[in-house]
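Here is a friendly walk through the charged and aromatic side chains of one protein model. Have the structure open as you read.

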Amino acid sequence: MKISVGEITRNKMEELRLVCDRKIPIQQQRIDAATRSFKKSLDSTKTQAQETLQLQSKLGKLKVELRELEDKLVKALAAKTRKEAKQIAVADSISATKDKVEELRGVVENQRARKDEYAAIISQQADELKACEEKHNQTAEQREEIEEAIAWYNKVLGLRIECGHGVKFIFTNIDANNQDKEYFFTVRHENDVYTLIECDPQLNDAKELLRELNTSNGLFKFVRTMREKFQAAVTHGTFPDIASCDQDTFMISVSAPVSSMSTDSRSEFLSQQQEHQSDEHNRNSKKLDRAKGSRAALLSPGSASSLRRSPRFKVKR
């Protein structure tokens with residue numbers, strides 16, 4: 001029997017249908033499994049998406065916080081930088097201050113040394129000033145005592161000194177009959193030579209006395225001797241004739257090692273004559289008592305003795 005093509009095709013189709021029927025449940029199972037797997041995957045994806053969204057939200061928040069932290073970090077770094085810069089500036093200032101302190105310490109030590117030096121100079125100047133003041137006071141006291149001595153000589157011994165072309169020694173109280181009569185002589189010292197310029201009244205021994213004065217340089221002795229000569233001449237009336245005396249004979253060129261006669265010579269002479277005023281006082285007191293008793297009261301023994309004892313009237317030889 002012959003099988004037709006249609007049957008063959010039908011058989012094949014039936015076989016294929018059977019095969020397909022067998023495969024359809026399998027494929028259906030597979031599709032269901034795939035569907036379930038897809039659903040699970042979809043659910044998982046949704047969950048992951050939700051988690052991702054949550055994470056993205058958290059990430060955004062973290063980014064915001066991070067930006068805030070970055071801003072804070074920048075600010076902190078800026079503050080730190082400023083603090084470090086300030087610390088560096090403070091360190092530099094401290095170093096400069098230390099250098100300035102060392103410099104000022106050196107200046108202070110220098111000023112202290114200068115202060116000590118100035119203090120020593122001031123102390124020395126103060127001592128010198130004190131010495132000068134003491135010397136000035138002493139000089140003033142000496143001047144006062146010299147003035148007192150001059151007044152004493154003027155009142156008691158009748159001695160007066162005038163300075164001009166030479167030193168003029170004027171005596172009174174020589175003549176008991178005429179206490180006010182003046183006896184004088186003038187001495188000039190020039191080029192280490194004493195010259196007797198005038199002598200009124202003239203004395204016989206004037207040349208010899210002047211020669212001795214130029215030899216010994218004893219001006220006080222010369223003045224005292226001249227006064228004694230005046231007294232002796234008045235007592236004995238032995239004055240020479242004025243016309244017979246030549247003034248040129250009184251010039252004796254003998255070197256005398258003393259300084260030029262000036263106002264200081266007056267003080268020196270008075271200081272020297274204090275040593276011998278006691279003798280002069282005794283001699284003049286006798287004459288004053290004979291001529292004018294009241295004149296003796298002018299001489300105070302206390303003042304005379306105090307002048308005689310005064311160390312300022314001692315002559316340094």
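## A salt-bridge network in helix 1

At 34% relative accessibility, Asp21 counts as partly exposed. This is a predicted model, and the place of Asp21 in it is worth a look. The side chain of Asp21 meets that of Arg17 in a salt bridge, with 3.1 Å from N to O. Arg17 is partly exposed too, at a relative accessible area of 42%.

The two residues are 4 apart in helix 1, so about one helical turn separates Arg17 from Asp21. The pair also has company: Glu14, Arg17 and Asp21 are linked in a network of salt bridges.

## Other salt bridges

How many salt bridges does a search of the whole structure find? The search gives 9 salt bridges. One of them joins the side chains of Glu182 and Arg160, at 3.1 Å from N to O. Glu182 lies in the loop between strand 2 (167-171) and strand 3, while Arg160 belongs to strand 1 (residues 159-163), so this pair ties together parts that are 22 residues apart in sequence. Glu182 is partly exposed at 37% relative accessibility, and Arg160 is partly exposed with a relative accessible area of 31%.

Glu212 and Lys221 also meet through their side chains in a salt bridge, here with an N to O distance of 3.3 Å. Both ends are reachable in part: Glu212 is partly exposed at a relative accessible area of 34%, and Lys221 is partly exposed at 43% relative accessibility.

## Aromatic contacts

Turning to the rings, a search of the whole structure finds 5 aromatic pairs. Among them is the pair of Tyr183 and Phe230, which is tilted, with 5.7 Å centre to centre and 45° between the planes. Tyr183 sits in strand 3 (residues 183-190) and Phe230 in helix 3 (residues 219-236), so the pair ties together parts that are 47 residues apart in sequence.

Are these two rings' residues, Tyr183 and Phe230, buried or exposed? Tyr183 is buried, with a relative accessible area of 1%, and Phe230 is buried, with a relative accessible area of 0%. Both residues belong to one aromatic cluster, formed by Phe169, Phe171, Tyr183, Phe185, Phe222 and Phe230.

## A negative patch

Back on the surface, Glu65, Glu68, Glu70 and Asp71 form a negative patch. One of these residues, Glu68, is found in helix 1 (residues 5-157). Glu68 is partly exposed at a relative accessible area of 43%; the patch takes residues with over 30% relative accessible area and no salt bridge, so Glu68 passes the accessibility cut-off.

Conventions:
Residues numbered from 1 in each chain as written. Predicted model: local features only at pLDDT ≥ 70, side-chain atom pairs only at ≥ 80, totals over all residues. Heavy atoms only, no water. Patch = residues over 30% accessible without salt bridge, like charges linked within 9 Å, V, L, I, M, F, W, Y side chains within 5 Å. Areas by Shrake-Rupley, 256 points an atom, 1.4 Å probe, with all protein chains shown as cover. Salt bridge = Lys/Arg side-chain N within 4 Å of Asp/Glu carboxyl O. Lys, Arg positive; Asp, Glu negative; His and termini not counted. Charge placed at Lys NZ, Arg CZ, Asp CG, Glu CD. Buried < 20%, exposed > 50% of the residue type's maximum accessible area, 1.4 Å probe, protein only. Phe/Tyr/Trp six-rings, centres within 6.5 Å; stacked < 30°, edge-to-face > 60°.
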